[in-house]
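This briefing covers selected side-chain features, grouped by topic: aromatic pairs, one acidic residue, and cysteines.

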Amino acid sequence: MIGIGTSPLVFARRAAARAGAALAVTALAGCGLLGTSAAKPAASAPLTGATSAAAPSPTQAPQAPACPSTPAGFSCTMRQRIAAVERYLKHRPGLIGIVLRDRSTGAVWQNRYAGSQVYMASTSKLAMAVTLLLQNQAGVIQLSSADRAVMYQMLHVSSDNAADDLWFKYGASFYTSYFPRIGLTGARYLPQAGVTGPYWGEMTCTAEDESRVINYVLNRLPAPLRSYLVYQLRHVAPVQHFGVWGAGPANHPGNKDGWSVEKPGWIIDSTGFAGTGARYTLAMMNSLNGEGGYHAGTNTVTQVAAILFQGHQIRAPQGSATP
């Protein structure tokens, strides 16, 4: 309605001013300068003759690696880790024999060198301890408290002097005639200068032999003897914190390690168990064949255990060789 006393010309001017102000407010709002948030711009059509960019696709989760079909009896995760170990070993020095056994399912994986003869180094001390304990229980010998203290040193810090004391006290045949009963069927005894007959420090066997021995400990030893050895292997001194020890504390590993310099060069071995209830046993025998030293060998056997039981490599062991 036109107000009384207002001419049509004045009214028209006021209407034009109000329209201009409304346009200004709309423009300011469109720039986001008014209100608490900017207005959303209208979608525009693509230019004629131009191709509009496709909207980015949602981030896709990485595909899990395919599960290997072998070795049978292991979980998919363990089969993938075994494959990772095989890839890792392609770039490691020397020869290494490996046997992994799942005591729950009976599944076994062994690599191409599992049947190769390698120096046992100090892993023979575990076979010695098993023999001593069983023969003592059978009444063939009577272990004194001093004998037991020496055996502890042989297992805990891998003392060569302790092994010598027990080897020569009872005689080589006391051990060698019994070793096949506990799974050490492929052992060979090499001559040692100044020593008559077989000597614990000059023996070779295969990873298959080592696997049989550690499984004898876990599956066939009388419970008190088994408990004693499992405890000792889980509480070895830092000098033996490599090899199966690489499974990590969450897997409660136990091991008996061995290291020595022989004609093929450095020898680094480790046999033991890991997992809940010592579910898995792992035997590794690494002959460097002059292609590496102590640290290369201890790192190899440690990383194999870490990959198998932790799923990744870990920091290399920092120990040093002892006589």
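F242 is buried, at a relative accessible area of 2%. The model is predicted, and the values below are computed from it. A search of the whole structure yields 10 aromatic pairs and 1 disulfide.

**Aromatic pairs**

- The ring centres of Y199 and W200 are 5.4 Å apart and the ring planes meet at 50°. The pair is classed as tilted because this angle lies between the 30 degrees under which planes count as stacked and the 60 over which they count as edge-to-face.
- Y199 and W200 are both buried.
- F242 and Y294 form an edge-to-face pair, with 6.4 Å from centre to centre and 75° between the planes.
- F242 belongs to the loop between helix 8 (223–234) and strand 6 (254–262), whereas Y294 belongs to helix 9 (residues 294–310), so their pairing ties together parts that are 52 residues apart in sequence.
- Y294 has a relative accessible area of 7% and therefore counts as buried, the limit being under 20%. Its partner F242, at 2%, is buried as well.
- One aromatic cluster is formed by W167, Y170, F174, Y175 and F179.

**D102 and its surroundings**

- D102 is part of strand 1, which covers residues 95–102.
- The relative accessible area of D102 is 1%, so this residue is buried.
- A polar atom of the D102 side chain lies 2.8 Å from the backbone nitrogen of S104.
- Leaving aside residues up to four places away in sequence, D102 touches F74, A107, R279 and Y280.

**Cysteines**

- The disulfide joins C67 to C76, with an S to S distance of 2.4 Å.
- C67 has a relative accessible area of 33% and is therefore partly exposed, as this value lies between the 20% and 50% limits.
- C76 is also partly exposed, at 32% relative accessibility.
- C205 has a relative accessible area of 0% and is buried.

**Points to check in the viewer**

- Which parts does the pair of F242 and Y294 tie together? The pair links the loop between helix 8 and strand 6 to helix 9.
- Which residues does D102 touch, not counting residues up to four places away in sequence? They are F74, A107, R279 and Y280.
- Is C205 buried or exposed? C205 is buried, whereas C67 is partly exposed.

Definitions and conventions
Residues numbered from 1 in each chain as written. Predicted model: local features only at pLDDT ≥ 70, side-chain atom pairs only at ≥ 80, totals over all residues. Heavy atoms only, no water. Phe/Tyr/Trp six-rings, centres within 6.5 Å; stacked < 30°, edge-to-face > 60°. Buried < 20%, exposed > 50% of the residue type's maximum accessible area, 1.4 Å probe, protein only. Helix = DSSP H or I, 4+ residues; strand = E, 2+ residues; numbered from the N terminus. Polar contact = N/O pair within 3.5 Å; in protein donor to acceptor, adjacent residues only side chain to side chain. Contact = heavy atoms within 4.5 Å. Disulfide = S-S within 2.5 Å.
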